[in-house]
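Reader: I have a model open and want to talk it through. Can you take me around it?

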Amino acid sequence: MEKETNEKPTSGKTKFMDNDDMEKQKLPTVCVTGGTGFLGSTICQFLLSEGTWDVRCTVRNKLNDKKMQPLKDGLGRLFDDLDVYNAEMEDPDAIDAAIEGCQYVIHCASPFP
Ligand SMILES: NC(=O)c1ccc[n+]([C@@H]2O[C@H](COP(=O)([O-])OP(=O)(O)OC[C@H]3O[C@@H](n4cnc5c(N)ncnc54)[C@H](OP(=O)(O)O)[C@@H]3O)[C@@H](O)[C@H]2O)c1
């Protein structure tokens with residue numbers, strides 16, 4: 001299965017912030033690990049619907065449609081406001097990248113026993 005990095009593509013164009021961007025920038029950032037899981041997806045939905053958080057989540061591979069589609073379907077249009085990071089829990093660099101700049105981390109990624 002194809003892997004994707006967390007690098008954002010750069011167009012070379014300067015992007016000016018609009019009011020929505022500035023508003024989002026002021027919100028506290030929270031990273032929810034295990035976004036495809038039961039708890040992670042539920043917490044993402046709760047936080048996004050509050051509208052007072054800049055919400056990220058980690059998944060193992062955001063190109064894995066089988067895992068991502070239920071998250072997208074569950075969140076509906078809220079999914080557009082979710083920043084999704086690839087982070088296998090055994091990859092410290094990926095975790096560092098996902099939580100960089102976050103004020104809060106809600107750690108739900110875990111094998112369910
Ligand atoms: N559900 C409950 O009522 C409940 C109650 C108390 C405590 N807990 C605990 O809370 C945790 C999460 O529960 P849950 O119900 O949300 O479980 P879940 O639905 O199985 O979700 C687990 C999540 O962790 C991810 N994950 C597992 N191993 C990973 C790894 N090595 N690297 C990255 N991601 C990984 C899974 O990713 P994939 O989707 O890619 O597999 C999935 O997103 C568990 O430890 C559970 O014991 C749950």
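Author: This is a predicted model. A place to start is Leu48: apart from neighbours within four places in sequence, Leu48 is in contact with Val55, Leu75, Leu78, Asp81 and Leu82.

Reader: Which residues of the largest nonpolar core touch the most other members?

Author: Leu48 is one of them, along with Val32, Cys44, Leu47, Val55, Cys57 and Leu82, in a core of 20 residues. Two or more residues each come from β1, α2 (38-50), β2, α3 (65-75) and α4. The most come from α2, which gives 4 residues.

Reader: Back up a bit. In what order do the elements run?

Author: From the N terminus on, the order is α-β-α-β-α-β-α-β. That comes to 4 helices and 4 strands.

Reader: And what share of the residues is buried?

Author: Buried residues make up 27% of the 113 in the protein. As for contacts with a separation of 6 or more, 72% are between residues 24 or more positions apart.

Reader: Val55 has come up twice. How many residues of β2 are buried?

Author: The count is 6 of its 6 residues, so to speak of β2 as mostly covered is fair. In a regular strand, side chains alternate between the two faces of the sheet. Here Asp54, Arg56 and Thr58 point one way from β2, while Val55, Cys57 and Val59 point the other way, and all are buried.

Reader: In what sense do β1 and β2 pair?

Author: They pair in the parallel sense, over 4 bridges. Val30 stands opposite Val55 in β2.

Reader: Different topic: α4. Which of its residues are buried?

Author: Ile95, Ala98 and Ile99 are the buried ones in α4, which spans residues 92-99. They lie on the same side of α4, because they cover an arc of only 85° around the axis.

Reader: Why would residues three or four places apart point the same way?

Author: Because an α-helix has 3.6 residues a turn.

Reader: What is exposed on the other side of α4?

Author: Asp93 and Asp96 are exposed there.

Reader: Which strands do the buried residues of α4 pack against?

Author: They pack against β1 (29-33), β2 (54-59), β3 (83-86) and β4 (104-107).

Reader: What follows α4?

Author: Gly101 follows α4, and the phi of Gly101 is positive, near 85°.

Reader: Now the ligand. Which residues come nearest to it?

Author: Gly34, Gly37, Leu39, Met89 and Ser110 come nearest, out of 17 residues around the ligand. By type, the shell divides into 8 nonpolar, 5 polar and 4 charged residues.

Reader: Which element gives the largest share of that shell?

Author: That is α2, with 3 residues. Leu39 lies in helix α2.

Reader: Is Leu39 classed as buried, exposed or partly exposed, and why?

Author: Leu39 is partly exposed, because 17 other C-beta atoms lie within 10 Å. The cut-offs explain the class: buried takes 20 or more, and exposed takes 12 or fewer.

Reader: What does Leu39 touch, not counting residues up to four places away in sequence?

Author: Leu39 touches Gly34 and Cys108. Leu39 and Cys108 are 69 residues apart along the chain, and their C-alpha atoms are separated by 6.5 Å. Gly34 also appears among the residues that come nearest to the ligand.

Key:
Residues are numbered from 1 along each chain as its sequence is written. This is a predicted model: local features need pLDDT of at least 70, side-chain atom pairs count only at pLDDT 80 or more; totals for chains, interfaces and linings use all residues. The arc is that of the directions from the helix axis to the C-beta atoms. Two residues are in contact if their C-beta atoms, placed from the backbone, lie within 7 Å. A nonpolar core is a set of buried Ala, Val, Leu, Ile, Met, Phe, Trp, Tyr and Cys residues joined through C-beta atoms within 7 Å. A residue is near a molecule or strand if its C-beta atom, placed from the backbone, lies within 6 Å of it. Ala, Val, Leu, Ile, Met, Phe, Trp, Tyr, Cys and Pro count as nonpolar, Asp, Glu, Lys and Arg as charged, and the others, Gly among them, as polar. Two strands pair if DSSP finds at least two bridges between them.
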